[in-house]
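Dear colleague,

I am pleased to hand over the structure we discussed. Please find it below, followed by a short account of what was found in it.

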Amino acid sequence: MRSRPTGSVVVTGVSRYLGAHVAARLAADDRIVRVVGLDPNPPPPEFAHLLDGVEQVHGDAGSASTVIADLEAEAVVHLALATAPDPQHGGRAAMKEQNVIGTMQLLAACQQAPRLRKLVMRSSTAAYGASFRDPAVFTEDTEPREVPRGGFARDILDIEGYVRGFRRRRADVTATVLRFAPFIGSSADTTLTRYFSRPVVPTVLGRDPRLQFLHIDDALEIVHRSVVDDHPGTFNVAGAGVLSLSQAIRRAGRIPVPVLEPGLSAASNLVRNLGRSGYGLDQVDLFVHGRVVDTSKLVDEFGYAPRSTADAFDDFVAGHRGGAVLRREQLAIAERAILDGIRQARATVQEKA
């Protein structure tokens, strides 16, 4: 590990929470000369003030070649990944275009950048998938036991494959891949935090998976250290310890509503009917099987231990006390969704009989 002044740093995805906060932290670091945010969308008002010290370029990963070359960038931090399809903006096709094709374009630009010496890539523990064949704990060397069903997890596998190719072609560049556990915390706003914020939380009947979380502030710290110091390799990034899903729901003061697995898509409709986005196969499989990763490599290399899963979740709970209360008509929607799921499951069983 070494630390020395860094010239220009390009950060992708600065219109979102993670990218905006990473760029702001780097811009405030005296060891970094210049920070440029690359994003096709302008930052929302709640993030705009963070980016006062960040030069902003409106463009997608296809613009990276010109930006990186013109800046003679020494470091690139790629955070612009879509974790779920947005039906209003092209759905799964647009998500794959951004994640997979966008990363290919970015890596092609990085390969042609002679001054580049640092690449930091956002990844996810979703790369391990989630199935009944999983080991108790995943290390960075563990291969997925089954091909993940979810689109985001499959994108992550493709992205990490491209990074391995980049490492072979540009051995002079320190490439750091960070496999983040699901983000949590008082300021985090993700599908997962919205899930635990609901008064009625759908779960899978007969399942109580073990879960790990990562406090969003610890994610920011790890990305920052990856830029200012050299930490080559792939790292699991998560809080130590686990919470079962039932423990997390109790800590959040919510009401679990068990549904049969085929009916969980109906429970997702409940969330949408309450004005929130639903969740996909990545989340469904996580709620069925859970996932736990080993972080000893991260702690040894970075000399930094993220706060525990329980502490990170408690901070989320503290920031969301009170929560929303279901009105009578919304509770009726929940009941109908659950009953529809049970009927679908029964119909499936009868067809197979």
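Helix α5 supplies five residues to the lining of the second largest pocket, the largest share of that lining. Please bear in mind throughout that the model is a predicted one.

The second largest pocket

Besides α5, strands β6 (174–180) and β11 (233–237) each give at least two residues to this lining. The pocket has a volume of about 310 Å³. Its lining comprises 17 residues, and those nearest the centre of the pocket are Glu140, Glu143, Glu160, Arg164 and Arg179. By class, eight of the lining residues are charged, six are nonpolar and three are polar.

The pairing of α4 and α5

Helix α5 (residues 151–169) also meets helix α4 (residues 91–111): their axes come within 10 Å and cross at roughly 10 degrees. Because angles under 35 degrees count as roughly parallel, α4 is therefore described as roughly parallel to α5. On the α4 side, the contact is made by Arg92, Met95, Lys96, Asn99, Val100, Thr103, Met104, Leu107, Cys110 and Gln111. Their counterparts in α5 are Gly151, Phe152, Arg154, Asp155, Asp158, Ile159, Tyr162, Val163, Phe166 and Arg169. Taken over both helices, the residues of this contact are ten nonpolar, six charged and four polar.

The cavities

How many cavities of 30 Å³ or more does the structure hold? There are two.

The largest cavity encloses about 60 Å³ of space. Its lining is formed by Thr125, Ala181, Pro182, Leu211, Gln212, Phe213, Leu286, Arg291, Val292 and Val293. Seven of these residues are nonpolar, two are polar and one is charged.

The second largest cavity has a volume of about 50 Å³. Around this cavity lie Ala126, Gly129, Ala130, Pro148, Arg149, Gly150, Ala153, Asp282, Asp285 and Arg291. The class division here is four nonpolar, four charged and two polar residues. Arg291 thus appears in the lining of the largest cavity and in that of the second largest cavity. Ala153, which lines the second largest cavity, falls within the span of α5, residues 151–169.

In viewing the model, I would suggest beginning with α5, given its part in the lining of the second largest pocket and its contact with α4.

With kind regards

Terms used
Residues numbered from 1 in each chain as written. Predicted model: local features only at pLDDT ≥ 70, side-chain atom pairs only at ≥ 80, totals over all residues. Heavy atoms only, no water. Axes fitted to C-alpha atoms, helices over the stretch in contact; angles between N-to-C directions. Helix = DSSP H or I, 4+ residues; strand = E, 2+ residues; numbered from the N terminus. Parallel < 35°, antiparallel > 145°, perpendicular 65-115°, else oblique. Contact = heavy atoms within 4.5 Å. Nonpolar A, V, L, I, M, F, W, Y, C, P; charged D, E, K, R; others polar. 1 Å grid on protein atoms, 1.4 Å probe; cavity = no way out; pocket = protein on both sides within 12 Å on 5 of 7 lines; lining within 4 Å. Points joined across faces, edges and corners; volume = space filled by probe spheres on them.
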